[in-house]
Amino acid sequence: MGRCAIRNKIRELRFNQAEMTQQELADRIGVTRQTVNAIELGKYSPSLEVAFQIAAVFNVPLDQVFQYEKARK
Amino acid sequence: MEMSFREKSAWISLMLIVLVFGPYFWLVGRSFAGQTHVHGGTQFALILLFVVLEIVLHIAVAIQSPRDAEAPSDERDNLIDLRATRVAFYVLFGGALISIFTLHFPVNVWTLSQFVLFSIVVAELVKFGSQIVFYRRGF
């Protein structure tokens, strides 16, 4: 159950955004650094509000940040 | 993964419950067997000790990482708290039913209060344990 089917490119986007730190991103979207880390590792799926905020920080559409993967049988 | 202040807080509470109430219920168990007697003041003193240790340890952790401690809880913290509270509710519910069931046996008020206190302590243990699992494993 730990890993969710939603993948993300936050780490890559942070790197491309002048190597933004997790703390900087966390401060901009109003969550803790540990939550940003949990999202990056796929341990937590954020709310739609936070997902849109993350996309807005990187100035990209939501589907460039998060991708849904169908479960493999 | 580095722990957030709230995860550290859950660890502190979990450890304190085990360290403070573990020996207490061991004594209560022995008193049921007639091997010892637990004074009424022991319960009060332990709850006081638990509260004092909670405050002291939380202050110590907050001094170590003041930024984390001052940060308000975010949506993940709130969701973890809700999920853990739900799990603990079922434990408390079961404990309450067992406590009521003991009334079918010749138990006194003190014994009944120990069953109720044990239910509360176990529910809290499950709550903090669940929080730690959700923080570590994700959901």
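This is a walk through a two-chain model, one selection at a time. Keep in mind that the model is predicted.

**Stop 1: chain A on its own**

Hide chain B for a moment and colour chain A by secondary structure. You should find five helices and two strands, and if you trace the chain along its sequence the pattern is β-α-α-α-α-α-β. The radius of gyration is 12 Å, and the globule rule gives 11 Å for 73 residues, so chain A is as compact as a globular protein of that length. If you like drawing boxes, align one to the principal axes: the C-alpha atoms of chain A fill roughly 40 × 25 × 20 Å.

Now switch on a surface. Chain A exposes about 4,500 Å², with carbon and sulfur atoms supplying 51% of that area. Of its 73 residues, 47% are buried. For the contact map, take the pairs in chain A that are at least 6 apart in sequence: 61% of those contacts join residues at least 24 apart. Colour by charge next, and chain A shows 11 positive and 8 negative side chains, the centres of the two sets being 10 Å apart.

**Stop 2: two loop residues with positive phi**

Select Ala18(A), in the loop that links helix 1 (10–16) and helix 2 (22–29) of chain A. What is its phi? The value for Ala18(A) is near 55°, which is positive although the residue is not glycine. As background, most residues other than glycine have a negative phi. Is Ala18(A) buried or exposed? Its relative accessibility is 73%, which is over the 50% cut-off, so Ala18(A) counts as exposed.

Then jump to Asn59(A), in the loop between helix 4 (48–58) and helix 5 (62–65) of chain A. Asn59(A) is another non-glycine residue with a positive phi, here near 60°. At 71% relative accessibility, Asn59(A) is exposed.

**Stop 3: bring chain B back**

Show chain B now and isolate it. It has five helices and zero strands, running α-α-α-α-α from the N terminus. Its C-alpha box along the principal axes is roughly 50 × 30 × 20 Å. Buried residues account for 35% of the 139 residues in chain B. The exposed area of chain B is about 8,200 Å², and 73% of it comes from carbon and sulfur atoms.

In chain B, 83% of the contacts with a separation of 6 or more are between residues 24 or more positions apart. The charges of chain B come to 10 positive and 10 negative, and their mean positions are 7 Å apart.

**Stop 4: helix 4 of chain B**

Select residues 75–101 of chain B, which form helix 4. Put a distance label between its end C-alpha atoms: they are 39 Å apart, and since 27 residues at 1.5 Å a residue should also span 39 Å, the two agree.

Which residues of this helix are buried? Show Arg76(B), Asp77(B), Ile80(B), Ala84(B), Ala88(B), Gly95(B) and Ser99(B) as sticks. An α-helix has 3.6 residues a turn, so residues three or four places apart point the same way. What covers these buried residues includes helix 1 (5–32) and helix 5 (109–137) of chain B, along with helix 3 (33–40) of chain A.

**Stop 5: Phe134(B), on helix 5**

For a look at the chain B side of that cover, pick Phe134(B) in helix 5 of chain B. Phe134(B) is buried, with a relative accessible area of 11%. Leaving out residues up to four places away in sequence, Phe134(B) touches Ile80(B), Arg83(B), Ala84(B) and Phe139(B). You can also add a C-alpha to C-alpha label from Phe134(B) to Glu75(B): they are 13 Å apart in space and 59 residues apart in sequence.

**Stop 6: where chain A meets chain B**

With both chains visible, select Gln34(A) in helix 3 of chain A. At 3% relative accessibility, Gln34(A) is buried. Beyond residues up to four places away, Gln34(A) touches Glu2(B), Met3(B), Ser4(B), Asp68(B) and Arg76(B).

Finish at Thr32(A), in the loop between helix 2 and helix 3 of chain A. Thr32(A) is buried too, at 12% relative accessibility. With the same sequence neighbours set aside, Thr32(A) touches Ala26(A), Pro72(B), Asp74(B) and Asp77(B).

Methods:
Residues are numbered from 1 along each chain as its sequence is written. Chains are lettered from A and ligands numbered from 1 in the order in which they are written. This is a predicted model: local features need pLDDT of at least 70, side-chain atom pairs count only at pLDDT 80 or more; totals for chains, interfaces and linings use all residues. Side-chain values use heavy atoms; hydrogens and water are left out. Helices (H or I, at least four residues) and strands (E, at least two) are DSSP runs, numbered from the N terminus. The radius of gyration is taken over C-alpha atoms; the globule rule is 2.2 Å times the number of residues to the power 0.38. Buried means under 20% relative accessible area, exposed over 50%, partly exposed in between (1.4 Å probe, protein chains only). Contact means heavy atoms within 4.5 Å. Accessible areas come from the Shrake-Rupley method with a 1.4 Å probe; for residues, only the protein chains shown count as cover. Lys and Arg count as positive and Asp and Glu as negative; His and the chain ends are not counted. The place of a charge is taken as NZ of Lys, CZ of Arg, CG of Asp or CD of Glu. The expected span of a helix is 1.5 Å times one less than its number of residues.
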